[in-house]
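Visitor: Please take me through one part of this model in detail. I would like the aromatic cluster, then the charged contacts that follow.

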Amino acid sequence: MSTDRPSRERQNRERRVAPPLDTGALERLALRYVERFSTTRARLADYLTRKIRTRGWEGNGADPVAIAERMAALGYIDDRAFGEARASAMARRGLGKRRVTGAFRQAGIDAEDAEALAPAIEARALDAALTFARKKRIGPFAAEEADRPLREKHIAAMIRGGHDFALSRRIATMAPGEDIDTLSRDWP
């Protein structure tokens, strides 16, 4: 017997090709996806569309959007709960409103749900900005006072983090070790 026999057998085997999808297989894929991942209707529909494109379709017309809507109707998907969880996580990381709303658009959360979540995002704006400043050692969390060019870089970093310009400037111009409670009282 030859020692290279298993590799030759492996080469001779035909590569297994997944069969084209049908309605039942697409629904099973959708269920599997929502059980594994927190998602939105738009993300699920995109996933199912990609699967149809790669594996092909067998049968009547496919409607991934209808399957995503049915999963939402059954309670397996909740765009607003997904948005709230995403907004809270991003605020804990120190990211601001613009970054959060951008993530909502990317996830496919509709305008109605995004507007319903806006007051909670606004309420966390100051805490998120202070978290960002603490992580990046900006303003009251810096070791030493920043000169003008460094202060401008700090402001730019906070703006890229999704924070309001006025709040970013206010935090970046604070002296190292300055009491952040004064900011809490002054900021709306």
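Guide: Here is the aromatic cluster, followed by the salt bridges.

The model is predicted: local features need pLDDT of at least 70, side-chain atom pairs count only at pLDDT 80 or more, and totals for chains, interfaces and linings use all residues. Residues are numbered from 1 along each chain as its sequence is written, and side-chain values use heavy atoms, with hydrogens and water left out.

Y33, F37 and Y47 form one aromatic cluster. Rings of Phe, Tyr and Trp (its six-membered ring) pair if their centres lie within 6.5 Å; planes under 30 degrees apart are stacked, over 60 edge-to-face, the rest tilted. The count by this rule is two aromatic pairs. In one, Y33 and F37 have ring centres 5.0 Å apart and planes at 50°, so the pair is tilted. In the other, the centres of Y33 and Y47 lie 4.2 Å apart with planes at 20°, so that pair is stacked. It links distant parts of the chain: Y33 sits in helix α2 (residues 23-36) and Y47 in helix α3 (residues 41-55), 14 residues apart. Helices here are DSSP runs (H or I, at least four residues), numbered from the N terminus; strands (E) need at least two.

Now burial. Buried means under 20% relative accessible area, exposed over 50%, partly exposed in between (1.4 Å probe, protein chains only). Y33 is buried at 15%. Y47 is buried, also with 15%. F37 is partly exposed at 40%.

Next, the charges. A salt bridge is a side-chain nitrogen of Lys or Arg within 4 Å of a carboxyl oxygen of Asp or Glu. The count is nine salt bridges. R41 pairs with E69, the closest N and O atoms being 3.8 Å apart. R41 lies in helix α3 and E69 in helix α4, so the bridge ties together parts 28 residues apart in sequence. R41 is partly exposed at 24%, and E69 is partly exposed at 39%. R41 and E69 also belong to a salt-bridge network with D79 and D110.

R124 forms another bridge, with E84, its closest N and O atoms 3.2 Å apart. R124 is in the loop between α7 (111-123) and α8 (125-136), E84 in helix α5, 40 residues apart. R124 is partly exposed at 21%, as is E84 at 27%.

Last, E152 bridges to R148, with closest N and O atoms 3.0 Å apart. The two are four residues apart in helix α9 (residues 148-160), about one helical turn. E152 is partly exposed at 44%, whereas R148 is exposed at 59%.
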